[in-house]
Amino acid sequence: AAEKTDTAIFVIGRNSGGEECDRHLPEDYYLTRSEESLLKDICTHFANVVIVLNVNGLIDLSWMKKYASIKSLLFIGIPGEEGASALAGILTGEINPSGKLAVTIAEHYEDYPSADHFSWDKEHLENILDYESYGLSSEENGSTGFTKSPVTVYWEDIYTGYRYFDTFGKQVLYPFGYGLSYTAFAISDALVKKQNGGILVTADVKNIGEMSGKEVIQIYLSKVYPAEGVERPYQELKGFEKTSDLAPGEKEQVKIWIPWRELAVYDEERAAWVIESGDYLLKMGNSSRDTFVKGLICVEKTILAEQCTNCLNITECNNGKIEFLTQKENDAEMASVLNITEQNKDVSGQNIIFVTPEDVHDVQENRKCGKETISKAETTVSEREKERNLAELSIKELAALCVGYGPGTPFAAVGDRSDPSTIFDDEGKPMTTNSHPTGYPGYVSPAIEEKGIKSVFYKDGPAGIGGVAWPTEMLIACSFDKKLWQMFGDAVGKECEEQQVNVWLAPAVNLHRNPLCGRNFEYFSEDPYLTGVCACEITKGVQNSRPVIVCPKHFAANEQETFRRGNAGKNEDAVDSILTERALREQYLKPFEMLVKDAGIACIMTSFNKINGSFSGGSHDLCTHILREEWGFEGAVVTDWGDMDMVVDVAAGNDIVMPGGPPVIRQILKGYEEGRVTREELEQAVRHLLIMIKRIRLAD
């Protein structure tokens, strides 16, 4: 082949990982032996080598520096059915790529801060981290009778992805937000203005190259050193915008909106979101490692943005026994903050703004008024449904509505259908039915049609519902394109409508905490803000005036698949995600909070894992206090498919156990008889189901 051309294209593929299965280091994250051999041969015989990463997650790229003949690297992830055509267009120059990395690519696996705290090798149980690995007690953590009680400690705390690499001065191969183009752009005339509700940043972007293309402008926030109060990362993404396709010489103004809440941090000691006093820099650029200071925000007095209550803290028996990453006594921090101070000299006077408590509180009052109006309307709906239905329902009917309709196996549609899909009354009549025209057992909610309760149809998943094979979330996020995300959501919503699907089991908004997570391909990013914006825009597209809603997942801290719900055959408990309340709120809950407050979701799916000792679905702190009381969520909370710990789920505010069926109904009834779940809790769960159904019908 080398006799015919001096250029070779080497496509590297991966399709490992998935539910219950994380990826492996050897022959997966690292190249296989045959790949290493082929790569060496290719780079020896061709002067120009193009590497194409057709992968479902990151792989080791440390070898990129080894071969001078490698001139180009293209990440296409899992690009869907039009991926090959798009790849050809980019390689031939017909299309100018404009994607940006939604994750940081480190040089070595060991460089990721979660590397020593992530278990993936379930074939060798001795390699699975457990409580004892950290000097903790399984018994004190309530995990007894198991061969192993796995844990995943979020040691990196608030320093996920670029927050870690940038704060601690670590070199990377490719930074977050990075991406090349066949043209070049210049940014000018940046302005920072204080407006009602937040900060508006504008700038002119000009194509100064020779080919049409798009650019992504990113805004990062840094607190100026010396910074008192709560420890913060060196910088955090707070806004971005993508230009239209600019012809050579063409210029466009971008507008980036940053609401006040993006300035706040969560202070565990005060159990509150606060905008701390001090100076903050707004830095603009086209990656986390290529920015310039364009604005200065001065906060003279600490502002209380939102008072909360401490929830999901580190279990008392573990307090003081686990050390989390901190900047204290770290020399790398000084290098970073000194760099910030040096850049501060370039801020022009017109881009310095002052933020007062009145600025923030005025917005809070307006939002509060709006929230009260919404809550009142939703309460009216729920009370009307309660008066019409709930008082008439028997305990058996209530229990039968708190589960999915079907035999109770996750894949009932393709398995043995001989088991009953519901329980029966004293006359042998089915307590509930499936009233949906296309939905099948295991993926529909129960109906009691004579009382006005109809079935809704759920369907997976993040890359669509089986019509068009869309790119996976990991690649979609790289577009940094809000309009494109809405278009994708609208297209999936149309597919749902055509198939009469009511609830799309997506988007998945867990974070890329570790490159070996088996489901990173269906998660957007390492960054919670980018994840939240992407998910919200897709949601708006899906729910655009049609009888379809989304069901974001997995709520929450489901960043490891290995033993995420344990393993009965191996007698393994479900993994316990151990992390600080601040990391949980600022990183892993943030996308869900944005979906509730900004996108108006009416359904959400809990995860299988534990969070600081409590099962997610059985956590009153998570499912009721944070989700409903703090965020104002109105709708239904459903379990992931296969959850069987139903009594504690319903009592904690997890309304619907999926796929449910008679086994779960019987256990709920037993829990009621034993006083572990009350009629009031069952009515509340069904009320939330009816609100979700009403929400779907309102769009019809």
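Two strands count as paired if DSSP finds at least two bridges between them. Strands (E, at least two residues) and helices (H or I, at least four residues) are DSSP runs, numbered from the N terminus. With that in hand, let's work through some exercises.

This is a predicted model, in which local features need pLDDT of at least 70 and side-chain atom pairs count only at pLDDT 80 or more, while totals for chains, interfaces and linings use all residues. Residues are numbered from 1 along each chain as its sequence is written, and side-chain values use heavy atoms, with hydrogens and water left out.

**Exercise 1. The hairpin**

Task: Find the strands that β12 pairs with, and state how many bridges join them.

Solution:
- Start with the hairpin: β12 and β13 form one, with two residues between them.
- Next, count along it: nine bridges join β12 (residues 278-287) to β13 (residues 290-299), and the two run antiparallel. Gly278 stands opposite Val299 in β13.
- Then turn to β7 (residues 216-223), which six bridges join to β12, again antiparallel. Here Gln218 has Gly285 of β12 as its bridge partner.
- Finally, look at the covering: seven of the 10 residues of β12 are buried, where buried means under 20% relative accessible area, exposed over 50% and partly exposed in between (1.4 Å probe, protein chains only).

**Exercise 2. Two open sheets**

Task: Give the strand order and the pairing of each sheet of three strands.

Solution:
- One open sheet has the order β5-β6-β9, with antiparallel pairing. β5 (185-195) and β9 (251-259) are at its edges with a single partner strand each, so one side of each has no neighbour in the sheet.
- The twist in this sheet averages 20° from one strand to the next; angles run from 0 to 180 degrees between N-to-C directions, and axes are lines fitted to C-alpha atoms, for helices over the stretch in contact.
- Nine bridges join β5 to β6 (residues 198-207), and Leu191 stands opposite Thr202 in β6.
- The other open sheet runs β1-β2-β3, and its pairing is parallel. Its edge strands, β1 (7-13) and β3 (70-75), pair on one side only.
- Five bridges join β2 (residues 48-54) to β3, with Leu53 opposite Phe75 in β3.
- Now add the helices. α3 (residues 83-91) packs on the sheet, touching β1, β2 and β3, and its direction makes about 145° with that of β3. α2 (residues 33-45) lies across β1, β2 and β3 and runs at about 165° to β1.

**Exercise 3. A helix crossing**

Task: Describe how α10 and α12 cross, and sort the residues of their contact by type.

Solution:
- The axes of α10 (residues 528-542) and α12 (residues 590-599) come within 8 Å and cross at roughly 35°.
- The crossing is right-handed: the near helix is turned clockwise from the far one by less than a right angle, whereas anticlockwise would be left-handed.
- Contact means heavy atoms within 4.5 Å. Among the residues that make it are Tyr529, Val533 and Cys536 of α10, and Met594 and Leu595 of α12.
- By type, the contact holds nine nonpolar, three polar and three charged residues. Ala, Val, Leu, Ile, Met, Phe, Trp, Tyr, Cys and Pro count as nonpolar, Asp, Glu, Lys and Arg as charged, and the others, Gly among them, as polar.

**Exercise 4. A covered helix**

Task: Decide whether α13 is largely enclosed or not, and list its buried residues.

Solution:
- α13 (residues 620-630) has 11 residues and eight of them are buried, so the rest of the structure largely encloses this helix.
- The buried ones are Leu622, Cys623, Thr624, His625, Ile626, Leu627, Arg628 and Glu630.
- Just after α13, Gly632 has a positive phi of about 80°.

**Exercise 5. Unusual backbone**

Task: Locate the cis peptide bonds at Ala556 and Pro659, and the positive phi values of Asp157 and Asn571.

Solution:
- Recall the background: most residues other than glycine have a negative phi, and most peptide bonds are trans.
- The bond from Phe555 to Ala556 is cis, with omega near 10°; Ala556 is in the loop between β18 (549-550) and β19 (576-578).
- Met658 and Pro659 are also joined by a cis bond, with omega about -5°, and Pro659 is in the loop between α14 (646-652) and α15 (662-673).
- Asp157 has phi near 60° and is buried, at 11% relative accessible area.
- Asn571 has phi near 55° and is partly exposed, at 30%.
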